[in-house]
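The following exercises are to be worked through with the sequence and the coordinates at hand. Each task is followed by a solution in steps.

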Amino acid sequence: MRVPLLDLSEQYRALADPIRAQIDEVFASQSFILGPKVAAFEEAIRSYCSAPNAIGVSSGTDALLAILMALGIGPGDAVITSAYSFFATAGCIARVGATPVFIDIDLGTYNISPAALERYLTESCRRGEDGFLREPQGKIVRAIVPVHLFGLCCEMNAIHRISERFQLEVIEDAAQAIGAEYPFAGGTAKAGTMGEVGYFSFYPTKNLGAAGDAGMIICRSDSFAQRLRSCRQHGMEERYYHDFVGGNFRLDEVQAAILGAKLPFLDAWSAARRAAASFYHEEFKRLGLTNRLSLPAEPYRDAGLPNHHIYHQYVIRTSQRDALRDHLTRNEVGTAIYYPLGLHEQKCFAYLGYQAGDFPETERAAQESLALPIYPELPRDAQRYVAETVAEFFA
Ligand SMILES: Cc1ncc(COP(=O)(O)O)c(C=O)c1O
């Protein structure tokens with residue numbers, strides 16, 4: 001049996017008519033950039049997340065770039081993030097001229113470790129007489145970018161407490177976590193709404209995927225939202241008058257129209273992914289594999305939140321990862337490694353001076369993690385085949 005890592009064709013078949021109708025409307029209007037579809041989709045996301053402001057942008061990467069530019073973060077500044085994430089998180093920090101500072105993860109969740117973060121801020125950083133918090137090389141520590149990896153929120157209560165203590169901006173990378181919920185500050189909050197600002201990616205493989213690149217920023221402050229709107233249009237408020245240097249970070253109408261047609265189904269798709277994750281769990285238990293594999297953690301399961309994990313990816317861990325992957329490939333099961341290197345080990349960041357061994361949990365995740373097929377329409381017999389193929393490997 002062939003089981004791809006991801007197959008979106010059934011989702012498209014089910015929604016082909018409404019999506020085509022939306023695209024027709026865009027062509028009929030001849031409004032292609034920042035028109036009514038973008039405004040409607042921004043409003044839909046704002047309402048879905050209960051966020052004060054939503055700003056459509058051209059990708060998740062451009063969302064972070066625009067946020068950093070709008071905050072005026074640049075040379076002389078440092079921004080903290082997880083050592084284990086998609087490259088864009090750190091790449092954007094470097095692109096604005098700031099210094100990325102990496103922190104290790106908790107292996108159980110793959111998310112930034114609040115304990116390691118607090119240790120770094122307490123032991124390695126100093127607040128100078130000028131009031132700025134500086135890292136050992138003297139860069140001003142401005143912000144932290146927690147990444148809600150694979151659809152599971154970071155421990156935001158702890159991160160919030162730390163950010164308040166050290167007066168850091170919190171920029172949530174919710175690229176993989178739209179709709180994920182977290183028991184925040186005695187209530188419930190959605191990914192992206194717990195810091196000052198957060199962002200999503202609608203890359204086609206995401207739980208809510210466009211037919212190309214697209215992204216969204218959500219933020220609390222109206223004035224910052226205004227600055228971001230201006231930033232996505234080259235820092236322009238009044239046409240052809242530029243108050244600061246921004247970029248072309250605009251979301252186009254076709255993508256917004258498609259995403260708007262898909263958004264009403266997002267929670268059902270995430271629930272289907274969660275059901276598929278539970279099914280894997282039961283299968284691995286039935287096959288006696290729970291002591292051979294580390295299965296995804298669900299730390300907020302008992303908090304009574306439906307979307308405690310949205311399973312953008314279903315990631316297992318084993319010390320025999322590469323051999324298991326080869327076995328699955330031979331048996332036509334699609335897998336992926338997110339990510340084969342910690343960000344601190346990327347060649348382009350050699351100048352930062354990190355060494356292999358600096359972040360043991362990240363490095364272990366990079367060596368042992370393996371993503372198995374997961375998507376809302378994944379048939380149970382395909383999942384059973386995946387689990388049995390894994391069992392065959394360990395037999
Ligand atoms: C964690 C994370 N951050 C940022 C991004 C960047 O988003 P995009 O691909 O839309 O630029 C992604 C997308 O893959 C991601 O997974």
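**Exercise 1. Determine against which elements the buried residues of helix 4 pack**.

Solution. The model is a predicted one. Step one is to list the buried residues of helix 4: Ala88, Thr89, Ala90, Gly91, Cys92 and Ile93. Step two is to collect their packing partners, which are helix 3, strand 2 (77-82), strand 3 (99-103), strand 6 (140-145), strand 7 (169-173) and strand 10 (197-201). Step three concerns the stretch that follows: just after helix 4, Gly97 adopts a positive phi of about 90°.

**Exercise 2. Describe the shell of residues around the ligand and its polar contacts**.

Solution. Begin with the count: the ligand is surrounded by 13 residues, and the closest are Gly60, Thr61, Asp173, Ser201 and Lys206. By class, the shell holds four nonpolar, seven polar and two charged residues.

Next, examine the side-chain distances, with 3.5 Å as the cut-off for a polar contact between N or O atoms. Asp173 places a polar side-chain atom 2.7 Å from a nitrogen atom of the ligand. For Ser201, a polar side-chain atom lies 2.7 Å from an oxygen atom of the ligand. An N or O atom in the side chain of Lys206 is likewise 2.7 Å from an oxygen atom of the ligand.

Then consider the cover: of the 390 Å² of accessible area that the ligand has on its own, the protein covers 92%. Finally, assign the shell to elements: helix 3 (60-70) and helix 4 (87-95) are those that give two or more residues to it.

**Exercise 3. Is Ile105 buried or exposed, and which residues does it touch**?

Solution. First, locate Ile105 in the loop between strand 3 and helix 5 (114-124). Second, apply the criterion: Ile105 has a relative accessible area of 2%, and buried means under 20%, so Ile105 is buried. Third, list contacts beyond four places in sequence: Ile105 touches Ser82, Tyr84, Tyr110, Asn111, Ile112, Ser113, Glu361, Thr362 and Ala365. Fourth, take one of these partners, Ser82: its C-alpha atom is 6.6 Å from that of Ile105, although 23 residues separate the two along the chain.

**Exercise 4. Establish how the side chains of strand 13 are directed and how strand 13 is paired**.

Solution. Start from the general pattern: side chains in a regular strand alternate between the two faces of the sheet. In strand 13 (residues 369-372), Ser369 and Ala371 point one way and Leu370 and Leu372 the other way, and all are buried. For the pairing, strand 12 (residues 314-317) runs antiparallel to strand 13 and is joined to it by four bridges. In one of the pairs, Val315 has Ala371 of strand 13 as its bridge partner.

Definitions and conventions:
Residues numbered from 1 in each chain as written. Predicted model: local features only at pLDDT ≥ 70, side-chain atom pairs only at ≥ 80, totals over all residues. Heavy atoms only, no water. Near = heavy atom within 4 Å. Polar contact = N/O pair within 3.5 Å; in protein donor to acceptor, adjacent residues only side chain to side chain. Areas by Shrake-Rupley, 256 points an atom, 1.4 Å probe, with all protein chains shown as cover. Nonpolar A, V, L, I, M, F, W, Y, C, P; charged D, E, K, R; others polar. Buried < 20%, exposed > 50% of the residue type's maximum accessible area, 1.4 Å probe, protein only. Pairing = 2+ DSSP bridges. Contact = heavy atoms within 4.5 Å.
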